[in-house]
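Please walk me through this protein. Begin with the overall build, then go to individual residues.

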Amino acid sequence: MAVETPLSTREVPAPRGIVPVLATVGIGVALMQTLIVPILPRLPVLVGATPDNTSWAVTATLLAGAVVTPISGRLGDMFGKRRMLLVSLSMMVLGSAVCALSSTLVPLVLGRTLQGAAVGAIPLGIAILRDELPPRQLPSAMATISATMGVGGAIGLPVAAFVAQMTDWHMLFVASLLLGCVCIAAVLLIVPESPRRSPGRFDFAGALMLSAALVLLLLPVTKGNEWGWTSPITLGMFAGAVVVFLGWGLYELRVERPLVDLRVSARRPVLTTNLASVALGFAMYSNVLAFPQLLMAPPETGYGFGQTMVAAGVALAPSGLVMMALSPVSARITTRFGARVTLACGAALVGLGYLTVYVLYQELWHIIGASMLIGAGVGLAYAAMPALIMAAVPLRESAAANSLNTLMRSIGTTSAAAVVGVMLAAMTQRIGDSVVPALEGFRASFLLAVGAAVVALVFTALIPRPGPVNRRVGDA
């Protein structure tokens, strides 16, 4: 029987410090994902492997995060979100320890795979907030946690570059290990376990099928440049992904307790928000990929700034700080006008930022200003997505639904890495002995990101306006 319930049902005071603790967890997980970026050019020498093989240190993390995130969300709904949050953080600590002790490629990839399994901690943290906070505190808290995804990535690049430059590269993972331990201790001390559970048997078959489908989809996306986009293995894996996704969907519609409730996910508010998330994930990652290369391009190109990795990271760090600073603003917009308006404002700012850098790229402050605009837009948009998702799903499915939304963003960022990477590799110029992306490649990637932001706006417009109550659920 349908009942009307608010976004959160708690009106008692929240545990003191729960938002800072979960925000620290979010930053720690996001930092972990960027740790290896500064050492990627030297990684083949450091671990004695070829550049093609060392790329698995990035690919493995991405695939593990995509596969584990929806599974950890469902397990959180079944067995406890705090418990699964601790499991995710333990994976981060274990993976960091393996990487810190590694000197060859295989253990490094294994450790990075375990670290990738921690990505589900962020959507689990947002779901915990829904259980623990009263409605009036929820928009601001969700905005803060959502912003950590961008903040961690933005500040992680210069910090990791500095550590890698000043000390042994293994210290990157020692720092990640220590941060993970701090997060585990804080969660044990501060975060309570939610009494809300979704009982039933875990959908092992659905988890295996979804994992296979995601690997078949994302592996050729990440390795397409290396394998060739028209090679038999690439096309074969894409075709396999389509077949497995279709089979998985049919299976999930028939099982009593599915890993992902496709009937709920097909509801217009959830579906359109997830589609907007894919587009915004694509637009956001164009900034991550293109801006550092533009800043580090040689001045002889006529458009590059010749920055070091550390300097480029410092120049782009303000965008992450803007995301965090706008958390209270996004909460006010959501409270007054609704999360749909917040998401639209975010997508519009992202598009405006890319349009700005398409026209103005001659001075360093042009790049910094555009990245801050994009950061502001991403902060608003990422804060709105969990609110839209959780207002449209039953309480018993909050972690799984939010994890699926995080997966949609990951698919967008992964696709952007492939497409923008191809674009920058196809449009190059030679400077001395080096080949660098041409200005036309950068500007084309910016226009592509503008298009992605427009697509996100279209899907946002299709999200239904909220009714007189926050949401309607089939059962709480």
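The radius of gyration is 21 Å in this predicted model. A compact globule of 476 residues would come out near 23 Å, so the protein agrees with that expectation. Along the principal axes, the C-alpha trace spans about 70 × 45 × 45 Å. The secondary structure consists of 19 helices and four strands.

How much of the chain is buried? Of the 476 residues, 55% fall in that class. The accessible surface adds up to about 18900 Å². Carbon and sulfur atoms account for 70% of that surface. Contacts often reach far along the sequence: 82% of those between residues at least 6 apart join residues at least 24 apart. Charge is the last global feature. The protein carries 29 positive and 19 negative charges, and their mean positions lie 9 Å apart.

Now to single residues, starting with helix 4. This helix covers residues 56–79, and Ala-57 sits in it. Is Ala-57 buried or exposed? Its relative accessibility is 0%; the cut-off for buried is under 20%, so Ala-57 counts as buried. Which residues touch Ala-57, once neighbours within four places in sequence are set aside? They are Ile-36, Leu-43, Leu-108, Val-109 and Arg-112. Ala-143 is elsewhere: 86 residues away in sequence and 31 Å away in space, C-alpha to C-alpha.

Ala-143 comes up again at Ser-330. That serine belongs to helix 15, which runs over residues 327–337. Ser-330 has 2% relative accessibility and therefore counts as buried. Beyond residues up to four places away in sequence, Ser-330 touches Ala-143, Thr-342, Leu-380 and Ala-383.

Thr-342, one of the residues touched by Ser-330, also gives a distance to another serine. Ser-194 and Thr-342 are 148 residues apart along the chain, and 28 Å separates their C-alpha atoms. Where is Ser-194? It lies in the loop between helix 9 (170–190) and helix 10 (204–227). A loop position can still be covered. Ser-194 has 4% relative accessibility, so it counts as buried. Its contacts, leaving out neighbours within four places in sequence, are Lys-81, Asp-131 and Glu-132.

Next comes a second loop. Gln-362 is placed between helix 16 (339–359) and helix 17. Its class is another one: at 43% relative accessibility, Gln-362 counts as partly exposed. That class lies between the 20% and 50% cut-offs. Gln-362 and Trp-227 are 135 residues apart along the chain, with 36 Å between their C-alpha atoms.

Helix 17 itself spans residues 364–390 and holds Gly-377. This glycine has 0% relative accessibility, so it counts as buried. With neighbours within four places in sequence left aside, Gly-377 is in contact with Gly-346, Leu-349 and Val-350. How far is Gly-377 from Val-67 in space? The answer is 27 Å, C-alpha to C-alpha, for a pair 310 residues apart in sequence.

Further along is helix 18, residues 398–426, where Thr-406 is found. Thr-406 counts as buried because its relative accessibility is 4%. Outside its neighbours within four places in sequence, Thr-406 is in contact with Thr-69, Pro-123 and Met-149.

The last stop is a strand pair. Strand 2 covers residues 428–431 and strand 3 covers residues 434–437. How do these two strands run? They are antiparallel, joined by four bridges. Two of the residue pairs can be named. Thr-428 has Pro-437 as its bridge partner in strand 3. Arg-430 is partnered by Val-435 in strand 3. The two strands form a hairpin with two residues between them. Gly-432 of this hairpin takes a positive phi near 65°.

Notes:
Residues are numbered from 1 along each chain as its sequence is written. This is a predicted model: local features need pLDDT of at least 70, side-chain atom pairs count only at pLDDT 80 or more; totals for chains, interfaces and linings use all residues. Side-chain values use heavy atoms; hydrogens and water are left out. The radius of gyration is taken over C-alpha atoms; the globule rule is 2.2 Å times the number of residues to the power 0.38. Buried means under 20% relative accessible area, exposed over 50%, partly exposed in between (1.4 Å probe, protein chains only). Contact means heavy atoms within 4.5 Å. Accessible areas come from the Shrake-Rupley method with a 1.4 Å probe; for residues, only the protein chains shown count as cover. Lys and Arg count as positive and Asp and Glu as negative; His and the chain ends are not counted. The place of a charge is taken as NZ of Lys, CZ of Arg, CG of Asp or CD of Glu. Two strands pair if DSSP finds at least two bridges between them.
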